[in-house]
Amino acid sequence: MKLSDAELEIMEKVWELDAPVTAARLTERLAEKGWKPSTLLTLLARMVNKGALAVEKRGKQNVYRALVSADAYRAEAAREVLGRYYSGSVKSMVAALYDGKGLSAGELAELRAWLDEEAKGHE
């Protein structure tokens with residue numbers, strides 16, 4: 001599932017709230033965007049159609065909840081970037097980040113420690 005930038009902003013708020021949420025509550029949380037309520041409702045309907053959100057009618061309001069976790073969505077997006085730009089090679093991706101000075105010494109140490117832990121789990 002691929003979310004547009006606007007849909008991802010909404011999804012981030014849904015994940016942040018970590019509970020079923022109404023469109024009115026999302027409108028409050030996204031007030032800085034200046035979206036009209038109809039714009040938000042259109043985006044929410046698209047997200048329901050994509051399978052990102054579930055909707056339930058409660059009285060006069062629709063209540064939305066995430067059908068995919070933030071971690072699962074990000075993992076899927078990372079796999080897509082990896083496949084699309086790096087032919088599935090994690091090494092190529094990390095090399096591109098490192099060669100472009102995208103990784104600090106601390107981040108490299110953190111990555112190295114994580115890889116060491118993963119390697120122990122596969123022994």
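What covers the buried residues of α3? I opened the notebook with that point, working throughout on a predicted model.

**Entry 1, helix α3.** I looked up the helix itself and found that α3 spans residues 37-50; its 14 residues reach 20 Å from the first C-alpha to the last, close to the 20 Å expected at 1.5 Å a residue. I then listed the buried residues of α3, which are L40, L43, L44 and M47. They cover an arc of only 100 degrees around the axis, so they sit on the same side of α3. I noted beside this that an α-helix has 3.6 residues a turn, so residues three or four places apart point the same way. Coming back to my opening question, I found that the cover over these buried residues includes α1, α2 (23-29), β2 and β3. Just after α3, I found G51 with a positive phi of about 90 degrees.

**Entry 2, the sheet.** I next traced the strands and found an open sheet of three, in the order β1-β3-β2, with antiparallel pairing. The edge strands are β1 (21-22) and β2, each of which pairs on one side only. Between β2 and β3 (residues 61-66), which run antiparallel, I found six bridges, and I looked up one residue in particular, L53, whose bridge partner in β3 is A66. Helix α1 (residues 5-17) packs on this sheet and touches β1, β2 and β3, with its direction making about 85 degrees with that of β3. Helix α3 also packs on the sheet, where it touches β2 and β3, and its direction makes about 115 degrees with that of β2.

**Entry 3, residue E56.** Is E56 buried, partly exposed or exposed? I first placed E56 in strand β2, which covers residues 53-58, and then read its relative accessible area as 41%. Because buried means under 20% and exposed means over 50%, I entered E56 as partly exposed.

Which residues does E56 contact, leaving aside its neighbours within four places in sequence? I found Q61, N62 and V63, and I noted that Q61, N62 and V63 fall within the range 61-66 given for β3. The side chain of E56 is also joined to that of R58 by a polar contact of 3.2 Å. Lastly, I checked E56 against P20, which lies 36 residues away along the chain, and found their C-alpha atoms separated by 9.3 Å.

How values were computed:
Residues are numbered from 1 along each chain as its sequence is written. This is a predicted model: local features need pLDDT of at least 70, side-chain atom pairs count only at pLDDT 80 or more; totals for chains, interfaces and linings use all residues. Side-chain values use heavy atoms; hydrogens and water are left out. Helices (H or I, at least four residues) and strands (E, at least two) are DSSP runs, numbered from the N terminus. Buried means under 20% relative accessible area, exposed over 50%, partly exposed in between (1.4 Å probe, protein chains only). Contact means heavy atoms within 4.5 Å. A polar contact is a pair of N or O atoms within 3.5 Å; within protein, one must be able to donate a hydrogen and the other to accept it, and residues adjacent in sequence count only if both atoms are side-chain atoms. Two strands pair if DSSP finds at least two bridges between them. Axes are lines fitted to C-alpha atoms, for helices over the stretch in contact, and angles run from 0 to 180 degrees between N-to-C directions. The expected span of a helix is 1.5 Å times one less than its number of residues. The arc is that of the directions from the helix axis to the C-beta atoms.
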